[in-house]
Amino acid sequence: MNMPAPEVLLSVTMLRPEEKLLLEALRERGVRVDTALPADLASLLAGRSAPPALALVRNLSHREAVDAARRLEYLGVRVLNSTRAIEVCNDKGLQAMLFESRGIPHPRSLLAFNFDQVRESVAEVGWPAVVKPVSGSWGRGVSLLTDGPCVDAWVGGRESADAASKLFPVLVQAHIDKPGHDLRVIVVGGEPVVAIRRSSNDWRTNTHLGAEVERTEITPEMAGICEQIVKALGEGFYGVDLAEDRATGTLQVIEVNANPEFAHSSRRHGVDVAGLLADHVSPSPVVADAVTGLNPTGVN
């Protein structure tokens with residue numbers, strides 16, 4: 001007897017705490033959900049099993065995520081996030097180009113394809129400047145260049161590690177003088193559902209580098225920027241990183257993450273992000289309380 005097709009397919013590299021929370025939330029809502037590693041998609045793509053109504057792509061590898069999303073979309077499956085959104089979010093250079101074309105506030109950003117262009121771009125955006133790989137997470141490979149000797153040291157180290165320049169292009173950005181913290185806003189569908197402040201003595205306010213997390217209000221300015229991003233990328237599940245310019249008090253978008261982590265921060269701010277995402281992708285959503293995650297009707 002053939003098993004009915006899953007209503008939601010969770011495409012993963014591994015089951016992290018986030019994916020375990022999502023599975024629990026979907027099953028609590030009576031949703032038929034399966035998980036799939038990359039190799040598990042073969043049967044589905046070959047037509048040996050029925051396709052799901054929706055696939056939620058949570059692969060850790062950028063390449064895996066794009067590959068899974070693209071193939072599932074070709075199969076006719078609705079994918080969250082879309083292939084295009086994942087591709088843009090996985091490339092900080094593409095993000096900068098998109099933000100510029102859509103009038104989304106962001107730091108001055110230039111792509112550099114060789115060491116001479118790095119020097120030229122730093123001179124153009126001014127001191128201090130940030131150099132980062134176009135693809136990467138958790139603050140890895142991000143450098144703050146404060147003067148000429150810093151650039152010389154960065155170029156020297158990079159030439160030693162990457163003599164063939166295979167790790168280009170890189171993104172050169174103007175540094176935002178932020179007041180000791182940045183902001184992460186989680187967007188589900190088209191709505192910002194929670195904002196957190198990440199504070200650190202390090203200039204990189206990243207939770208993987210020890211930043212402290214606390215919930216903060218979603219201001220009209222934050223909501224407006226998130227609306228611009230959703231219009232540019234489509235509805236999805238995003239982590240929008242913002243920084244306040246100390247000089248002007250305005251917010252700028254640092255980057256948008258298409259595979260945001262939320263398990264640790266949810267324990268701190270109390271918003272049931274997994275439940276809200278499960279509601280969004282469920283065929284017949286059961287509305288859950290955003291803080292407790294409990295269904296107020298008592299029906300599951």
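Hi everyone. Let me start with a contact I like: arginine 158 lies over the face of phenylalanine 168, at 5.3 Å from the ring centre. Before going on, a reminder that what you have in front of you is a predicted model.

Let's stay with that ring for a moment. Phenylalanine 168 belongs to an aromatic cluster together with Phe115 and Trp154. Across the structure, the count of aromatic pairs comes to three. In one of them, the rings of phenylalanine 115 and phenylalanine 168 have centres 5.0 Å apart and planes at 85°, so this pair is edge-to-face. Where do the two partners sit? Phenylalanine 115 is in helix H6, residues 115-125, while phenylalanine 168 is in the loop between helix H7 (148-161) and strand S8 (170-174), so the pair ties together parts that are 53 residues apart in sequence. As for accessibility, phenylalanine 115 and phenylalanine 168 are buried.

Another aromatic pair is formed by phenylalanine 237 and phenylalanine 262, and this one is edge-to-face too, at 5.9 Å centre to centre with 75° between the planes. Here phenylalanine 237 comes from strand S12 and phenylalanine 262 from the loop between S13 and helix H9 (263-269), so parts that are 25 residues apart in sequence are tied together. Phenylalanine 237 is buried, and phenylalanine 262 is buried as well.

That brings us to S12 itself. The strand covers residues 236-244, and eight of its nine residues are buried, so S12 is largely enclosed by the rest of the structure. Which strands does S12 pair with? With strand S9, residues 181-189, there are seven bridges, and the two run antiparallel. One position to click on is valine 187, whose bridge partner in S12 is tyrosine 238. With strand S13, residues 251-257, S12 shares six bridges, again antiparallel. In that pairing, aspartate 241 stands opposite glutamate 255 in S13. S12 and S13 make a hairpin with six residues between them, and glycine 249 in the turn has a positive phi of about 80°.

Now for the charges. Side chains of opposite charge can pair when their charged atoms come close. How many salt bridges does a search of the whole structure find? The search gives 16. Let me walk you through a few.

The loop between S12 and S13 supplies one partner straight away. Arginine 246 forms a salt bridge with aspartate 177, with 3.3 Å between the closest N and O atoms. This pair links distant parts of the chain, since arginine 246 is in the loop between S12 and S13 and aspartate 177 in the loop between S8 and S9, 69 residues apart. Arginine 246 has a relative accessible area of 47%, so it is partly exposed. Aspartate 177, at 41%, is also partly exposed. Salt bridges that share partners also join Arg16, Glu19, Arg58 and Glu261 into one network.

Next, arginine 29 and aspartate 279, whose side chains meet in a salt bridge at 2.6 Å, N to O. Arginine 29 is in the loop between helix H1 (17-28) and strand S2 (33-36), and aspartate 279 is in helix H10, 250 residues apart. Are these two buried or exposed? Arginine 29 has 10% relative accessibility, so it counts as buried. Aspartate 279 is at 13%, so it counts as buried too. That fits what H10 looks like overall: eight of the nine residues of this helix, 273-281, are buried, so H10 is largely enclosed by the rest of the structure. Among the buried ones are Val273, Leu276, Leu277 and Val281.

For a local example, take aspartate 67 and arginine 71, which meet in a salt bridge at 2.9 Å, N to O. Both lie in helix H3, residues 62-74, four residues apart, about one turn of the helix. Aspartate 67 is partly exposed at 27% relative accessible area, and arginine 71 is partly exposed at 43%.

Last stop: empty space. The whole-structure search finds one cavity of 30 Å³ or more. The largest cavity holds about 50 Å³ of space. Its lining includes Lys92, Phe99, His106, Lys132, Leu171, Ile254 and Glu255. Helix H5 (92-102), S8 and S13 are the elements giving two or more residues to that lining. Which of the elements gives the most? That would be H5, with four residues.

Thanks, and I'm happy to take questions.

Note on methods: Residues are numbered from 1 along each chain as its sequence is written. This is a predicted model: local features need pLDDT of at least 70, side-chain atom pairs count only at pLDDT 80 or more; totals for chains, interfaces and linings use all residues. Side-chain values use heavy atoms; hydrogens and water are left out. Buried means under 20% relative accessible area, exposed over 50%, partly exposed in between (1.4 Å probe, protein chains only). Two strands pair if DSSP finds at least two bridges between them. Rings of Phe, Tyr and Trp (its six-membered ring) pair if their centres lie within 6.5 Å; planes under 30 degrees apart count as stacked, over 60 as edge-to-face and the rest as tilted. A charge sits over a ring if NZ of Lys or CZ of Arg is within 6 Å of the ring centre and within 35 degrees of the ring normal. A salt bridge is a side-chain nitrogen of Lys or Arg within 4 Å of a carboxyl oxygen of Asp or Glu. On a 1 Å grid over the protein atoms alone, a cavity is a set of points where a 1.4 Å probe fits but cannot get out, and a pocket is an open set with protein on both sides within 12 Å along at least five of seven lines; lining residues have an atom within 4 Å of a point. Grid points are joined across faces, edges and corners, and a volume is the space filled by probe spheres set on the points.
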